[in-house]
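Student: I would like to go through the labels given to this structure and the reasons behind them. Where do we start?

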Amino acid sequence: MKSSTAVASPGIEGYREYLSERNGDADLLNRRLAHREAFFAEIEANPIRSGRSIDAVAFERGMRTRRPANDISPELAFLLATAKLNQAERFGVGLGETYGKNSAGDTLPERVHMELEEHYHTRLLAYVLDLFGLPFRVTPPAFVMRQFVKLAVFIPESQSFAFVGASEMAGCAMFDLLGQAGAALFADEPKIAARIRLLYGEILTDEIGHVGYCAARCSNAGRGIMRMLYRPIVRLFTRQTPEILRVVSPHALDERLSHPFDLAGYEGSLASAPFVAAHP
Ligand SMILES: [Fe+2]
Ligand SMILES: [Fe+2]
């Protein structure tokens with residue numbers, strides 16, 4: 001059941017078309033999506049730098065610890081959360097890549113796009129750090145997160161979509177809340193705030209697509225599991241990256257989790273239109 005014709009529904013067909021239009025040609029060997037490269041060329045052609053000075057030594061220290069110091073500023077907390085938020089996904093994508101998960105001749109085209117999009121998420125977040133002259137660092141996610149990610153990567157595909165889909169939903173909530181909090185934090189530097197919104201917004205557009213794709217690959221029961229696991233996974237993410245709740249107010253998080261997951265609610269945070277193959 002892996003050939004590109006075997007797994008198809010109108011939603012999935014539409015998503016395939018959307019991905020090739022949004023991303024352009026996919027080059028797995030060089031981990032490139034043609035249109036995304038064009039996006040970064042534009043970002044690089046218009047470099048901007050925040051006037052705020054962030055303590056680079058405190059940033060490096062923060063990257064090496066799982067428990068942030070009590071006195072870190074909200075700005076530093078935002079940047080540490082930005083640097084750490086995608087490490088679990090990066091770890092999972094790297095693991096899948098190492099095991100050749102999306103490299104077989106019969107790999108569905110959307111899987112290649114999705115894997116490459118995840119690489120771009122690391123890069124999009126690195127450009128947020130670059131606004132403050134901070135480097136991108138690779139750090140392994142915490143033990144609990146590593147086991148969680150391995151489970152998602154190695155359980156059989158038929159069961160993985162509900163699980164991965166729930167994580168993608170949690171990712172949407174985290175990226176949205178953190179992007180908004182970051183833009184608010186730097187509201188006095190409108191260009192910086194707009195760039196944060198753009199970079200986070202591009203990730204969110206992709207993640208919403210991933211939610212829709214997972215939902216389309218799930219049965220009704222699977223979609224029920226996605227909705228059920230979404231909240232505990234958000235809580236797991238925030239426990240594992242405590243910097244998040246130093247910048248996103250716990251009240252904003254509780255408020256978000258008090259409603260059922262709603263893709264329409266994300267519209268205001270997006271830079272490009274997403275494609276939803278199916279609703280979770
Ligand atoms: Fe991602
Ligand atoms: Fe994703």
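**Metal site and helix packing**

Tutor: We start with the iron ion (ligand 2), whose site is irregular, with angles of 52 to 156° among its six donor atoms. The model is predicted.

Student: Why is the site of the iron ion (ligand 2) called irregular?

Tutor: Six donors count as octahedral if opposite donors are over 155 degrees apart and all others between 65 and 115. The angles here begin at 52°, which is outside both ranges, so the site is irregular.

Student: Which residues coordinate the iron ion (ligand 2)?

Tutor: E89, E118, E168, E207 and H210 do, at 2.0 to 2.8 Å. E168 is listed with two OE donors, and H210 coordinates through ND1. Along the chain, the donors follow the spacing E-x28-E-x49-E-x38-E-x2-H.

Student: What makes the pair E89 and E118 a link between distant parts of the chain?

Tutor: E89 lies in helix α5 (residues 87–98) and E118 in helix α6 (residues 109–130), 29 residues apart. E89 also coordinates the iron ion (ligand 1), which is 3.6 Å from the iron ion (ligand 2).

Student: How do you know whether E118 is buried or exposed?

Tutor: Buried means under 20% relative accessible area. E118 has 8% relative accessibility, so E118 counts as buried.

Student: At what angle do helix α7 (residues 143–154) and helix α8 (residues 157–185) pack?

Tutor: The angle is about 135°, with the axes 8 Å apart.

Student: Why is α7 called oblique to α8?

Tutor: Over 145 degrees would count as roughly antiparallel, and 65 to 115 as roughly perpendicular. About 135° falls in neither range, so α7 is oblique to α8. Their crossing is left-handed. The contact is made by F148, L151 and A152 of α7 and S160, F163, V164 and S167 of α8.

Note on methods. Residues are numbered from 1 along each chain as its sequence is written. Chains are lettered from A and ligands numbered from 1 in the order in which they are written. This is a predicted model: local features need pLDDT of at least 70, side-chain atom pairs count only at pLDDT 80 or more; totals for chains, interfaces and linings use all residues. Side-chain values use heavy atoms; hydrogens and water are left out. Donors are N, O and S atoms within 2.8 Å of the metal (3.2 Å for Na, K and Ca); water is not among the atoms, so sites may look incomplete. Four donors count as tetrahedral if all angles lie between 85 and 135 degrees; four count as square planar and six as octahedral if opposite donors are over 155 degrees apart and all others between 65 and 115; anything else is irregular. Helices (H or I, at least four residues) and strands (E, at least two) are DSSP runs, numbered from the N terminus. Buried means under 20% relative accessible area, exposed over 50%, partly exposed in between (1.4 Å probe, protein chains only). Axes are lines fitted to C-alpha atoms, for helices over the stretch in contact, and angles run from 0 to 180 degrees between N-to-C directions. Angles under 35 degrees count as roughly parallel, over 145 as roughly antiparallel, 65 to 115 as roughly perpendicular and the rest as oblique. A crossing is left-handed if the near helix is turned anticlockwise from the far one by less than a right angle, and right-handed if clockwise. Contact means heavy atoms within 4.5 Å.
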